[in-house]
Amino acid sequence: MTLSKADVDHVARLARIDLSEQEEIELAKELSAILDYASQLQEVDLDGVEPMSHVAGQQPVFRQDEPHESLPSDIVLKNAPDAEDQQFKVPAIMEG
Amino acid sequence: MLDFSQGIRKLHEALRSGTTTPEELLNQSIEQIEQKDGEIKAFLRVNDVTARDRLKGNAAASNSFSPKHLLDGIPYALKDNMCYEGIETTCASKILEGYIPPYTATVAQKLDDAGAILIGKANMDEFAMGSSTENSSYFPTKNPWQQDHVPGGSSGGSVAAVAAGMVPFALGSDTGGSIRQPAAFCGVVGLKPTYGRVSRYGLVAFASSLDQIGPITNSVEDAAIVLQAIAGADVHDATSAHVEVPDFTAKLTGDIRGLQVGVAPEFFADAMDEGVRQRVQEAVQVLKELGAEIKPISLPHISYAIAAYYLLAPAEASSNLARFDGVRYGYRSQNAQNLLAMYSKTRSEGFGKEVKRRILIGTYALSSGYYDAYYKRAQKMRTLIRQDFEQAFSQVDVIVSPTTPAPAFLLGEKTKDPVTMYMTDMCTIPINLAGLPAISVPCGLSQGMPVGLQIIGKMFDEQTILQVADAYEKTVDFAAVRTAHSKEAK
């Protein structure tokens with residue numbers, strides 16, 4: 001499996017990571033090597049094998065739908081890079 | 001001065017009899033860090049002021065200290081991916097620089113309740129992604145045994161802090177070997193509990209179906225004592241198991257007569273280090289002489305474990321690390337004019353190389369058109385690996401193997417090629433995929449560096465792996481090897 005620079009660019013956009021040209025070239029090589037290694041999974045006959053969903057076969061855990069106290073908003077906002085009027089502040093979503 | 005490596009029980013007895021005090025232990029920890037950590041670099045942050053304040057709070061209750069718990073008054077270190085209210089937690093990543101958690105992880109809360117004193121946050125590979133602690137965004141940690149070697153990873157800081165005598169114990173996290181591999185490299189004990197045995201609440205998630213918190217200690221008994229304090233179901237973690245927590249020290253009798261010990265040839269790769277092979281074979285012989293019955297078993301699919309793991313763990317990471325977007329906490333790029341650019345520049349500038357690599361591989365494995373070929377096949381392989389272990393455990397009580405195929409490598413030796421670095425976890429990764437408990441205990445030296453013996457148990461049967469590890473430890477006396485080494489080093 002060989003990933004092209006364009007493949008890396010596509011995946012990076014899905015993952016919301018900005019890459020430089022140089023990084024894309026390097027990563028295309030490195031990610032291809034990892035996928036090459038992983039391709040040994042293609043050798044095994046896995047037809048009819050159930051994919052694992054939980055390692056201990058745990059069933060869904062239920063609890064009462066009761067409200068609990070949340071952290072106060074001023075404490076939650078303390079770590080925010082930017083906040084205003086008890087809200088997280090981000091750059092403009094729409095242009096213009 | 002009390003030697004931390006003599007064990008938590010001895011420290012506890014000294015506290016109880018009044019021959020030492022919590023202040024003395026804390027001072028000793030801080031002095032050891034001041035003396036050694038300039039070189040070793042195990043700690044990202046030492047919170048000695050907070051520790052002293054906490055101690056004052058404890059002591060205020062009574063004039064003469066009498067410990068209420070085995071861990072009461074004992075200092076410890078926390079890997080920097082576990083939250084403690086008011087103390088910076090970065091996962092050794094630039095993207096979380098300055099993050100002050102508003103809450104405490106359940107494990108740290110339980111240690112607080114027991115009276116243990118948090119002394120600082122330990123270095124690690126960024127977001128626990130790595131096998132050498134060289135992926136820390138701040139600095140690499142050195143192996144206290146020999147400082148031109150890596151301590152292993154990703155819990156390299158926690159392990160180095162224990163191995164260098166800076167703290168009596170530390171907590172690490174283990175997703176593919178991150179407690180056991182560094183413990184093996186530095187000559188200490190590391191335990192990964194069964195998936196679900198310990199709450200993950202307050203542990204910054206890497207791969208949620210594999211992550212588990214566990215103790216790093218000087219002895220098997222210490223590992224049992226610390227596990228006792230942190231184990232149990234937790235309302236804050238729905239994956240924590242509602243399974244009874246037994247007395248983990250109950251079976252530490254030294255008696256393993258009649259136990260069935262499995263040995264699988266698949267754990268002994270052709271390319272493995274000869275010294276490691278010999279030390280582990282000698283360890284198996286010791287177990288036999290102690291009265292255990294050695295049985296050959298087969299785990300035919302574990303050779304595919306690394307391939308499955310390096311799709312599944314990055315897939316989960318790509319989802320878990322989506323939360324680091326510069327909005328609610330941590331770093332935000334100032335070079336963006338709109339929201340999308342803010343996300344992608346923040347993540348580009350905030351994440352290190354290996355983290356980006358894994359997010360991209362994981363995103364690819366989950367992306368449209370590749371999901372069936374990669375992610376789903378890897379999950380099917382995980383089922384087969386688990387079935388291999390189930391089959392084996394119908395015949396034996398524990399399985400033993402090397403913890404790592406070779407001893408600690410040199411700093412910088414494997415940073416060029418990710419896949420070579422991944423191979424160092426070939427013996428530990430299958431255990432995370434199967435959810436099982438496993439412990440690494442020192443079993444001698446190869447090329448002058450410590451070797452780890454891995455003992456793997458059935459689901460929720462930490463008692464028996466602790467029993468075997470303890471019986472082995474009592475027989476071989478690695479502590480003497482350690483003492484001889486530290487004298488030589490001086």
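**Exercise 1.** Which residue just after α8(B) takes a positive phi, and of about how many degrees?

*Solution.* The residue is B:Gly291, and its phi is about 105°.

Before going on, some conventions. This is a predicted model, in which local features need pLDDT of at least 70 and side-chain atom pairs count only at pLDDT 80 or more, while totals for chains, interfaces and linings use all residues. Residues are numbered from 1 along each chain as its sequence is written, chains are lettered from A and ligands numbered from 1 in the order in which they are written, and side-chain values use heavy atoms, with hydrogens and water left out.

**Exercise 2.** Describe helix α8 of chain B: its span, its start and its surroundings.

*Solution.*

Step 1. Helices (H or I, at least four residues) and strands (E, at least two) are DSSP runs, numbered from the N terminus. α8(B) covers residues 274-289, 16 residues in total.

Step 2. The expected span of a helix is 1.5 Å times one less than its number of residues. For α8(B) the expected value is 22 Å, and the distance from first C-alpha to last is close to it, at 23 Å.

Step 3. At the start of the helix, a side-chain oxygen of B:Asp273 comes to within 3.1 Å of the backbone nitrogen of B:Gly275.

Step 4. Buried means under 20% relative accessible area, exposed over 50%, and partly exposed in between (1.4 Å probe, protein chains only). Among the buried residues of α8(B) are B:Val276, B:Val280, B:Ala283, B:Val284 and B:Leu287. An α-helix has 3.6 residues a turn, so residues three or four places apart point the same way.

Step 5. The cover over the buried residues of α8(B) includes the strands β7 (260-263), β8 (293-296), β9 (398-402), β10 (438-446) and β11 (449-457), together with helix α15 (462-476), of chain B.

**Exercise 3.** Find where B:Asn143 lies, and say whether the residue is buried or exposed.

*Solution.*

Step 1. B:Asn143 belongs to the loop between β3 (117-122) and α5 of chain B.

Step 2. B:Asn143 counts as buried because its relative accessibility is 0%.

Step 3. A polar contact is a pair of N or O atoms within 3.5 Å; within protein, one must be able to donate a hydrogen and the other to accept it, and residues adjacent in sequence count only if both atoms are side-chain atoms. The side chain of B:Asn143 reaches the backbone nitrogen of B:Trp145 at 2.9 Å.

Step 4. Contact means heavy atoms within 4.5 Å. Leaving aside neighbours within four places in sequence, the contacts of B:Asn143 include B:His149, B:Phe185, B:Ala408 and B:Met449.

Step 5. B:Ser154 also has its place in the loop between β3 and α5 of chain B. A cis peptide bond joins B:Gly153 to B:Ser154, with omega of about 10°.

**Exercise 4.** Describe the largest pocket and the second largest cavity.

*Solution.*

Step 1. On a 1 Å grid over the protein atoms alone, a cavity is a set of points where a 1.4 Å probe fits but cannot get out, and a pocket is an open set with protein on both sides within 12 Å along at least five of seven lines; lining residues have an atom within 4 Å of a point. Grid points are joined across faces, edges and corners, and a volume is the space filled by probe spheres set on the points.

Step 2. The largest pocket has a volume of about 1,200 Å³. Its lining has 48 residues, and B:Asp3, B:Ser5, B:Ala163, B:Arg482 and B:Ser486 lie nearest the centre. α16(B) gives the largest share of this lining, eight residues.

Step 3. Ala, Val, Leu, Ile, Met, Phe, Trp, Tyr, Cys and Pro count as nonpolar, Asp, Glu, Lys and Arg as charged, and the others, Gly among them, as polar. The lining of the largest pocket has 20 nonpolar, 14 polar and 14 charged residues.

Step 4. There are two cavities of 30 Å³ or more. The second largest holds about 30 Å³ of space, and its lining includes A:Ile34, A:Tyr37, B:Ile306 and B:Tyr422. That lining divides into eight nonpolar, no polar and no charged residues.

**Exercise 5.** Where is B:Asp477 found, and what is its phi?

*Solution.* B:Asp477 is in the loop between α15 and α16 of chain B. Although not a glycine, B:Asp477 has a positive phi of about 55°. B:Asp477 is partly exposed because its relative accessible area is 41%.
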